[in-house]
Amino acid sequence: LGQYGEALRHCEHALELHRESGSRTGAADTLDSIAFVYEQLGDTEQALAHYLEALDIYRNIGDPDGESRGLIMLGDVQFAAGQRSAAEHSWQQAAAALSRVGGDTAQVRERLGKLAAAGTTGAGTAMSA
């Protein structure tokens, strides 16, 4: 609904509750949501920071699905910020995480293909599958 301030307040409260209860998966999922809100608000720095924090948790708890989703979103923000090589690296890591669990790498391959086809043009353009 575009009510990002309210969404952010709810997510921050949920994050506090997840941390108090010890739910690392819940905390990671909520950090991912917070990152998405910041992404929608155009705050790239906060979006990247929250995606990275969520990614660290997903890796520490051994959640390859969460890790791959986090890497895809991280790459999308990096690409939109003009960080093409960082985005490529994130998407390659996402493909590797998905491959380890037999997941579908189609959306990651599509992003990498678009990145390769774009060459040096298109940096800073939103990428979605």
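Among contacts in the protein chain between residues at least 6 apart in sequence, what percentage join residues at least 24 apart? In this predicted model, the share is 47%. The fold in which these contacts occur has six helices and zero strands, and its elements run α-α-α-α-α-α from the N terminus on. The radius of gyration of the protein chain is 15 Å, close to the 14 Å that the globule rule gives for 129 residues, so the chain is as compact as a globular protein of that length. Along the principal axes, the C-alpha atoms fill a box of roughly 45 × 35 × 20 Å.

Buried residues account for 36% of the 129 residues in the chain. The protein chain exposes about 6900 Å², of which carbon and sulfur atoms supply 50%. With regard to charge, the chain carries 10 positive and 18 negative side chains. The centres of these two sets lie 6 Å apart.

A search of the whole structure finds six salt bridges. One of them joins Arg19 to Glu53, with 2.5 Å between the closest N and O atoms. This pair links distant parts of the chain, given that Arg19 belongs to helix H1 (residues 4–21) and Glu53 to helix H3 (residues 44–61), 34 residues apart. Both partners fall in the partly exposed class: the relative accessibility of Arg19 is 46%, and the relative accessible area of Glu53 is 34%.

Another salt bridge is formed by Arg100 and Glu67, the closest N and O atoms being 3.2 Å apart. Here too, distant parts of the chain are linked, with Arg100 in helix H5 (residues 84–100) and Glu67 in helix H4 (residues 64–80), 33 residues apart. The surroundings of the two partners can be read from their accessibility. Arg100 counts as exposed because its relative accessibility is 56%, above the limit of 50%. Glu67 counts as buried because its relative accessibility is 11%, under the limit of 20%. The pair is also part of a network of salt bridges in which Arg59, Glu67 and Arg100 are linked.

A further salt bridge lies within a single helix. The side chains of Lys114 and Glu110 meet at an N to O distance of 3.2 Å. These residues are separated by about one helical turn, because they stand four residues apart in helix H6 (residues 106–118). Lys114 is partly exposed, with a relative accessible area of 37%, and Glu110 is likewise partly exposed, at 38% relative accessibility.

Helix H4 also holds Leu71. This leucine counts as buried, since its relative accessibility is 1%. Apart from neighbours within four places in sequence, Leu71 is in contact with Leu55, Arg59, Ser90, Trp91, Gln93 and Ala94. The C-alpha atoms of Leu71 and Leu55 are separated by 7.1 Å, with their positions 16 residues apart along the chain. Arg59, one of the contacts of Leu71, is itself a member of the salt-bridge network with Glu67 and Arg100.

Methods. Residues are numbered from 1 along each chain as its sequence is written. This is a predicted model: local features need pLDDT of at least 70, side-chain atom pairs count only at pLDDT 80 or more; totals for chains, interfaces and linings use all residues. Side-chain values use heavy atoms; hydrogens and water are left out. A salt bridge is a side-chain nitrogen of Lys or Arg within 4 Å of a carboxyl oxygen of Asp or Glu. Helices (H or I, at least four residues) and strands (E, at least two) are DSSP runs, numbered from the N terminus. Buried means under 20% relative accessible area, exposed over 50%, partly exposed in between (1.4 Å probe, protein chains only). Contact means heavy atoms within 4.5 Å. The radius of gyration is taken over C-alpha atoms; the globule rule is 2.2 Å times the number of residues to the power 0.38. Accessible areas come from the Shrake-Rupley method with a 1.4 Å probe; for residues, only the protein chains shown count as cover. Lys and Arg count as positive and Asp and Glu as negative; His and the chain ends are not counted. The place of a charge is taken as NZ of Lys, CZ of Arg, CG of Asp or CD of Glu.
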